[in-house]
Number of protein chains: 2
Amino acid sequence: MSLIVQKYGGTSVGSVERINAVAERVKTWRDLGDQVVVVVSAMSGETDRLIALARKIQERPNPREMDVLVSTGEQVTIALLSMALENLGCPAKSYTGGQVHIRTDSAHCKARIRDIDGVRVKADLDAGRVVVVAGFQGVDDGGNITTLGRGGSDTSAVAMAAALNADECQIYTDVDGVYTTDPRIEPRARKLDRITFEEMLEMASLGSKVLQIRAVEFAGKYRVPLRVLSSFEAGEGTLISLEEETVEDAVISGIAFNRDEAKLTILGVPDQPGVAHKILGPISDANIEVDMIIQNIAADEATTDFTFTVHRNDYERAREILGSAARILAAREVLGDDEIVKISLVGVGMRSHAGIASRMFAALAKEGINIRMISTSEIKISVVVDEKYLELGVRALHDAFDLHLADSAATGSNSASN
Amino acid sequence: MSLIVQKYGGTSVGSVERINAVAERVKTWRDLGDQVVVVVSAMSGETDRLIALARKIQERPNPREMDVLVSTGEQVTIALLSMALENLGCPAKSYTGGQVHIRTDSAHCKARIRDIDGVRVKADLDAGRVVVVAGFQGVDDGGNITTLGRGGSDTSAVAMAAALNADECQIYTDVDGVYTTDPRIEPRARKLDRITFEEMLEMASLGSKVLQIRAVEFAGKYRVPLRVLSSFEAGEGTLISLEEETVEDAVISGIAFNRDEAKLTILGVPDQPGVAHKILGPISDANIEVDMIIQNIAADEATTDFTFTVHRNDYERAREILGSAARILAAREVLGDDEIVKISLVGVGMRSHAGIASRMFAALAKEGINIRMISTSEIKISVVVDEKYLELGVRALHDAFDLHLADSAATGSNSASN
C-alpha cells in the first residue's frame with residue numbers, strides 16, 4: 001500500500017464533468033489499495049472572475065481580503081470533488097488550508113508554507129477515506145487566510161506529500177510529461193521518463209511552464225518523488241527525482257527557451273569597482289528583474305562593456321533608466337534590442353562532459369545563427385540569438401544532440417568526442 | 001457611542017454597485033461615532049448557483065460538503081465589502097464564521113448557534129475598524145464548517161448582537177419595515193414603528209417573510225432590540241422590542257395570511273382516547289408538517305370529526321395517508337380542500353380586550369365570507385376561508401380595525417365596546 005498525493009489543476013477540474021472524471025481516476029488508485037490525498041485548484045476561470053470582482057471595487061485590493069476572496073475558489077472545488085467521490089461510493093472528506101493546518105507566514109497573496117500538521121489527514125486515510133485538500137491556501141499564526149500566489153497549488157501538493165512522507169506526489173496537468181523541448185516547435189520532441197530536480201528547475205525557470213518552480217525546489221529539498229502526468233490521457237508521465245536515482249545516462253535532458261527577453265548594453269563604462277552596482281542598482285530599485293548579466297574583460301585599458309537581459313515588458317523602462325546611469329557614469333553609449341530570445345541546453349550530465357558547448361555552438365553556426373550572448377552554469381548553457389532564429393535554433397540543437405532518440409547521441413558515450 | 005450590528009441580505013449586496021452603496025451607508029454610521037459590525041449574506045443568486053452545481057454532481061449532496069460549498073458565498077461578500085470600506089478610507093476587517101468562532105452544533109445545513117466569542121471583534125472595534133462577518137455560517141467543535149440553513153444570516157446578526165451586547169441589531173432588507181398587512185393586497189397597509197417580539201413571531205410564521213423566525217426568537221430571548229429597515233431608502237424602519245417598551249396601545253398590530261394551506265377532515269371517527277395520535281402519527285411519520293388542528297365536541301354519542309391543515313404541496317400525500325387511517329379507524333369519510341387560505345389577526349393587545357373575535361367575525365360576515373375553521377392563541381385569531389376571499393377578507397379586516405390609521409380604532413379605547 002502506497003500513500004499518493006495527487007494534484008489536479010484548474011483545467012482538470014474546470015467543469016462538473018471533469019470533476020467527475022477526476023473522481024473516477026482517484027477511485028481507480030484507491031481501489032488498487034493506495035491511500036490517496038487529492039490537492040485541487042479552483043475551477044479554471046474562477047480565480048480570474050474573483051480577481052476581476054475585487055478590482056471593480058478597489059484598484060489595488062487589500063491583500064488580506066484578496067486572500068479571503070480568492071481562497072473560496074479552491075473551497076468550492078474540494079466540496080464538489082468530495083461529493084463526486086461519495087457519489088462513486090468512495091468515502092471522502094474535504095479540508096480547507098486552514099482546517100488541515102497548512103501554516104504559512106503572513107505575506108498575503110504570496111505566503112510561504114512553514115509546516116503542515118498531517119495528523120488529521122492520516123487519521124482520515126487510516127479510516128479509509130480519500131482526503132481532498134484545497135491547494136494554494138493556508139493560514140497564518142493569527143488565523144488569517146493566506147494564499148501562496150498563483151500556481152501555488154503545486155507547492156501545496158508537494159508540501160502535503162512531504163508532511164505525510166508520501167511515496168509519490170503526482171501533478172496532473174494538461175500535458176503528459178516533460179519534453180526534451182516544446183513539441184510545438186520541434187515535433188520530434190520526446191517525452192522524458194525521468195529528469196532530475198536540478199534539470200527541472202532549469203527547464204521550468206526557462207519557460208517550460210509545466211511545474212511551479214517553488215514546488216520543484218520544495219520537492220528537491222524534502223526528497224519527494226514528483227511525477228507530472230496528463231489528466232486526460234493514460235501514461236506514466238515524467239518522474240522528477242534525485243540524481244542518483246536517474247537511470248538514464250543523458251548528458252542533455254532538454255532544450256528550454258524564453259521568448260520574452262530583451263537585452264541592454266552600456267558601452268564604455270569606466271572599468272572600476274562599483275560600476276556594476278551603479279548600473280544595476282537603479283534597475284533593481286525600479287523592480288525590474290534582470291536575467292543574464294555579462295561583463296567581459298575591459299576592451300581597452302580604462303573602459304568595459306556591460307550587458308544584461310530583462311523581460312521584454314520592462315525593456316523601455318530599463319532603457320530609460322540606463323540612459324540616466326550612462327550620463328552619470330560618462331559611458332559612451334547605450335544599446336538595446338528587444339527582438340532577441342534565449343535558448344538553453346539543460347542537463348546534469350554536462351557537468352562531467354567536455355565539449356558540449358562547442359558542439360552547441362557548431363550546430364548553431366552550421367545554420368548561420370549568430371550568437372549574441374553566452375552564459376553558462378553547472379548544468380546549463382544559454383545563448384541569446386535573434387528572435388527570428390528561435391525555431392531554427394531549437395530544432396538544430398535538438399537534432400545535434402539526438403534528443404528524439406531515447407538512447408540518444410546525447411548520452412555520454414557518444415558526445416564525449418565533441 | 002453605540003455598538004450597532006447591521007445585517008445586509010443577498011439583494012442588498014447583489015452587485016459591486018450595491019456593495020459600494022452598503023459601504024457608504026456603513027461609513028455614515030461609523031462617521032457618527034458608532035461602532036459597527038456588519039453581517040452579510042451571499043450575493044443574490046450565488047447560493048442557488050452553488051447548490052445547482054452540487055446537485056449536478058450528487059442528487060442528495062453530502063451535507064458536510066454542502067456546507068463547505070455554500071459557505072463560500074458569504075466569504076466572497078465579506079472580502080468585497082471590506083475592500084469597498086477600505087476604498088472609502090474606512091478601516092475594515094473580514095471574518096468567516098469559523099474565524100470569529102460562531103460555534104454551532106454539528107447539524108449540517110441547519111446548525112444552531114451555541115455561542116460566539118466576541119473578544120476578537122471587540123478588539124477590532126476598539127482599534128477603530130468596522131468588522132465584517134459572514135452570516136449564515138459557523139463552525140462545530142470538530143472544526144467543520146456548518147451553515148444555519150437558508151435565511152440564517154438574520155440569526156447570525158442577532159447572535160452577534162447578543163454576544164457583543166450591542167445597542168441595536170439592524171436588519172436591512174428590500175422592504176422598509178413591518179406592515180399592518182401585505183401592501184400588495186391592501187394598499188392602505190401602514191408601516192408599524194414598533195411591534196413586539198411575540199407579535200413579530202406570529203406575523204413571520206404566518207407568512208410575512210420579512211425576518212427569519214429563529215432570529216426573532218433569538219432576539220426576544222436575549223433581549224436584543226431588532227430593527228427592520230430598507231437597504232435602498234432612508235427611514236426608521238420598524239423596531240421590534242419587548243412588550244413593556246412598546247408605547248402604542250394597539251390591540252391589533254397586523255393581519256397575516258397564508259396562501260399555501262390545505263385542509264383535511266376525517267368524519268365520524270370513534271370518540272375515544274388515542275384517536276388523534278392514530279390520525280396524526282402516520283402524517284408526522286411522513287414528515288408532513290401540520291399547522292392548525294381542530295377537534296370539536298362529539299357530534300353524536302360515539303363519533304367525532306377531526307380537521308387539520310397542511311402545506312398545499314403535501315395535500316395529496318396527506319390525503320392518501322388519511323385514507324388508510326380512515327379505513328383502520330372505521331371512520332365515515334375523508335374530506336379535503338386545497339383551495340383555502342388562513343387569515344390571522346395578530347396583536348399582544350388582544351389578550352386584555354374582549355370582543356376582538358366577534359368584531360372580526362362580523363367584518364367577514366358583512367362581506368359574505370364563510371368561515372371554515374377558527375383557531376385562537378393568546379395574541380392571534382386565525383380563520384380559514386375559501387381562497388377566493390383572501391384579498392377581500394384581508395381588506396375587510398384591515399378596514400374594520402382601522403389599521404391604516406396610526407392612532408387607530410384598533411387601540412384599546414375604541415375597540416372595547418365590541
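This is a conversation about how two chains of a predicted model fit together and how one of their sheets is built.

Student: Before we start, what kind of model is this, and how are things numbered?
Tutor: It is a predicted model, in which local features need pLDDT of at least 70 and side-chain atom pairs count only at pLDDT 80 or more, while totals for chains, interfaces and linings use all residues. Residues are numbered from 1 along each chain as its sequence is written, and chains are lettered from A and ligands numbered from 1 in the order in which they are written.

Student: How does chain B lie on chain A?
Tutor: A turn of 180° with a shift of 0.1 Å along the axis lays chain B on chain A with an RMSD of 0.1 Å, the superposition being by least squares on the C-alpha atoms of residues with pLDDT of at least 70 in both. The two copies are thus related as by a two-fold rotation axis.

Student: Which C-alpha of chain B is nearest the axis?
Tutor: That of T72(B), which is 2.7 Å from the axis.

Student: And how many residues does the contact take from each chain?
Tutor: The contact takes 28 residues from chain B and 28 residues from chain A, where two residues are in contact if their C-beta atoms, placed from the backbone, lie within 7 Å. On the side of chain B that touches chain A, α1 (16–31), α2 (46–57) and α3 (63–87) each supply at least two residues, and the largest share, 14 residues, comes from α3(B). Helices here are DSSP runs of H or I with at least four residues, and strands are runs of E with at least two, numbered from the N terminus.

Student: Switching to the sheet, what is the strand order in chain B?
Tutor: The order is β3-β6-β2-β1-β9-β11-β12-β10 in an open sheet of eight strands with mixed pairing; two strands pair if DSSP finds at least two bridges between them. β3 (92–95) and β10 (194–196) of chain B stand at the edges with a single partner strand each, so one side of each is left without a neighbour in the sheet.

Student: What joins β10(B) to β12?
Tutor: Three bridges join β10(B) to β12 (residues 238–241) of chain B, and the two run parallel; I195(B) has I240(B) as its bridge partner in β12(B).

Student: Is β6 of chain B enclosed or left open?
Tutor: Five of the five residues of β6 (residues 130–134) of chain B are buried, so the strand is largely enclosed by the rest of the structure. A residue is buried if 20 or more other C-beta atoms lie within 10 Å of its own, exposed if 12 or fewer, and partly exposed in between, with C-beta atoms placed from the backbone. V130(B), V132(B) and A134(B) lie on one side of β6(B), with V131(B) and V133(B) on the other.

Student: Which residues stand opposite V132(B)?
Tutor: V38(B) stands opposite V132(B), as does S94(B). Strand β2 (residues 35–40) of chain B pairs with β6(B) in the parallel sense over four bridges, and β3(B) and β6(B) likewise pair in the parallel sense over four bridges.

Student: One last spot: where does M43(A) lie, and what is it in contact with?
Tutor: M43(A) lies in the loop between β2 (35–40) and α2 (46–57) of chain A, and it counts as buried because it has 23 C-beta neighbours inside 10 Å. Leaving aside neighbours within four places in sequence, M43(A) is in contact with G10(A), V13(A), G14(A), V76(A) and T77(A).
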